[in-house]
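User: I am new to this structure and would like to go through it in short questions. Where should we begin?

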Amino acid sequence: MKRPTILVLGAGYGGLTTVVNLQKLVTPDEANIVLVNKNDYHYESTWLHEAGAGTIDADKARYDVTSVIDKSKVKFVKASVTNIDVNEKKVETSEGEMTYDYLVIGLGFEGETFGIPGLDTHALALANLNAARQVREHIEYQFASWSLDEEKDDSKLTIVVGGAGFTGIEFLGELGNRVPELCKEFDIPQEKVRVLCVEAAPMVLPGFDEGLVDYAVTQLEKKGIEFSIGTPVVEATEEGVKIKTGEDEFDFVKAGTVVWAAGVRGNRLIETSGIESARARVRVEPDMRAPGFDDVFIVGDCAFMINEEVNRPYPPTAQIAMQQGVQIAKNIKALMNNETTAKFVPELKGSVCSLGHDDAIGDAMGRKFTGKTASALKKVIDNRALYLVGGAGLVLKKGKFKFL
Ligand code: FAD
Ligand code: NAD
């Protein structure tokens, strides 16, 4: 009998967790497992704010895909997926066309710009590892230019961060530590530097515990970060951003760097795949399959699920992507055995938001955390994610151990 092919697209948190669990459940006699990813490495998307600010080297946030998969069980193909057609059961990639018996789509997130003019061209984003590298290098270039220029244009030293969600706040936390270092490196008086966070909603980290949010804002303001709240960005130009400050009132902030961190959508390839989606996210069946396609699973940020308890969508997080990967591996095995699949039930453990390497806020396990305790907890979470994919060896190689 022909062995089925399980094709997994994307070696992010969701795709890679699916594969490392599948390789435990399925023998090479039972199925071909093929993993396709754009790069030959996985990167920790949850560390992109650190790579973007330059508080860690980008290489620290990545490791080889083949170092965590069992090559006797999984074929890894380094290729870019260019089209998915679930009606024809075909996937086009830079390395040729592929077919499948079971497909898992885990191609991750893209920044959401909501059609705001100029953002695609004039703003940077923490969208992937090379984009984070670009953010770091762009800021360094602006700072170096200011130092070398005869006529000092101080707007080169202004960094605008659009969005005070978790990504924006974590990035600001890193900038709070990095800016003094940069000023020293490039001989810049620190009072010349401006870091401004522009948020559309009436509060920072909308929906998060207010006491923890107050703590975060106070800590970041102490590091010189400014907030403009309830003032959406409405346009970006080569010079900076236009923000709406009142009914018919606008301000323009000149800035050498604009980093857009105002939300995410799924990978655009979903939109032309033949699967119904909204903002490139698929409202999945309870067992994580795409509606109408019994052989297609969606994992991670390309999937959309409603939390019935609060009647709101689950946030797109690595925490949930990894849990989905475990369930999808089990469900594929069940289908291969002609058994019924099981419903995916997320186990929410809480959220911890870093404010640099030495500070954080957290709401987890029914308790609230701030400062060094929260920061240590964040590192434990980061190390646990490494452990779940690559075991103790990967934690030793890539883990975070500076707890105080
Ligand atoms: P990803 O992890 O993004 O992986 C997608 C993979 O697909 C990548 O390897 C990519 O290279 C590959 N790919 C993309 N397009 C193609 C293509 N065309 N062809 C081939 N391969 C392709 N969540 C938390 O739970 N906790 C946190 O602390 C946290 N911190 C975050 C910090 C930041 C700065 C950001 C931006 C996000 C954070 N998140 C956090 C959210 C989390 O990173 C995402 O929810 C998670 O990465 C989603 O996993 P995924 O597997 O869907 O996608
Ligand atoms: P988000 O959607 O959570 O936050 C985006 C923010 O941008 C919101 O506060 C929104 O009001 C604001 N915004 C939207 N339009 C705007 C505009 N025009 N001008 C100014 N502000 C605007 O997005 P995110 O922060 O990128 O997070 C994406 C996902 O990743 C979330 O699910 C988040 O929980 C997760 N994440 C988790 C962590 C963590 O657990 N530590 C860290 C980063 C991201």
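Analyst: Start with a cut-off: a residue is buried if 20 or more other C-beta atoms lie within 10 Å of its own, and exposed if 12 or fewer do. Keep in mind that this is a predicted model.

User: Is alanine 280 buried or exposed?

Analyst: Alanine 280 sits in the loop between strand 19 (264-266) and strand 20 (282-283). Its phi is positive, about 60°, although alanine 280 is not a glycine. It has 23 C-beta neighbours inside 10 Å, and the cut-off is 20 or more, so alanine 280 counts as buried.

User: And asparagine 338, buried or exposed?

Analyst: Asparagine 338 belongs to the loop between helix 7 (318-336) and strand 26 (350-354). It is not a glycine, yet it has a positive phi of about 60°. Most residues other than glycine have a negative phi. With 6 C-beta neighbours inside 10 Å, asparagine 338 counts as exposed.

User: Which strands are the edge strands of the six-strand open sheet?

Analyst: The strand order in this open sheet is 5-2-1-9-22-21, with mixed pairing. An edge strand pairs on one side only. That gives strand 5 (74-78) and strand 21 (289-290).

User: Which residue of strand 2 stands opposite threonine 5?

Analyst: Strand 1 (residues 5-9) and strand 2 (residues 32-37) run parallel and are joined by five bridges. Strands of a sheet pair through backbone hydrogen bonds. The residue opposite threonine 5 is asparagine 32.

User: Which residue of strand 14 is the bridge partner of valine 198?

Analyst: Strand 13 (residues 194-199) pairs with strand 14 (residues 225-229) in the parallel sense, over five bridges. The partner of valine 198 in strand 14 is serine 228.

User: What unit do strand 13, helix 6 and strand 14 make?

Analyst: Strands 13 and 14 are parallel partners. Helix 6 covers residues 210-222. Together with the two strands, helix 6 makes a right-handed β-α-β unit.

User: Which residues does the UniProt domain annotation cover?

Analyst: The annotation comes from an unreviewed UniProt entry and reads "domain: FAD/NAD(P)-binding". In the model, that span is 26% helix and 31% strand. Its end C-alpha atoms lie 17 Å apart. The annotation covers residues 5-325.

User: Which class has 19 residues in the shell around ligand 1?

Analyst: Of the 34 residues around ligand 1, Gly10, Gly12, Gly108, Gly300 and Thr317 come nearest. Elements giving two or more residues include helix 1 (13-25), strand 2 and helix 2 (48-53). By class, twelve residues are nonpolar and three are charged. The class with 19 is polar.

User: Which helix gives the most residues to the shell around ligand 2?

Analyst: Ligand 2 has 26 residues around it, and the closest are Gly163, Gly165, Phe166, Ala262 and Pro315. Two or more residues come from each of helix 5 (166-186), strand 13 and strand 26. The shell divides into 16 nonpolar, eight polar and two charged residues. The top giver, with four residues, is helix 5.

User: Why does ligand 2 lie between two domains, and which are they?

Analyst: Both domains give residues to the shell around ligand 2, so ligand 2 lies between them. For ligand 1, the shell also draws at least three residues from each of these domains. They are domain 1 (5-111 + 264-348) and domain 2 (119-260).

How values were computed. Residues are numbered from 1 along each chain as its sequence is written. Chains are lettered from A and ligands numbered from 1 in the order in which they are written. This is a predicted model: local features need pLDDT of at least 70, side-chain atom pairs count only at pLDDT 80 or more; totals for chains, interfaces and linings use all residues. Two strands pair if DSSP finds at least two bridges between them. A crossover is right-handed if, with the strands pointing away from the viewer, the path from the first strand over the helix to the second runs clockwise. UniProt positions are given in the numbering used here, feature names are shortened, and annotations may be inferred rather than shown by experiment. A residue is near a molecule or strand if its C-beta atom, placed from the backbone, lies within 6 Å of it. Ala, Val, Leu, Ile, Met, Phe, Trp, Tyr, Cys and Pro count as nonpolar, Asp, Glu, Lys and Arg as charged, and the others, Gly among them, as polar. Domain bounds come from an automatic or database domain assignment.
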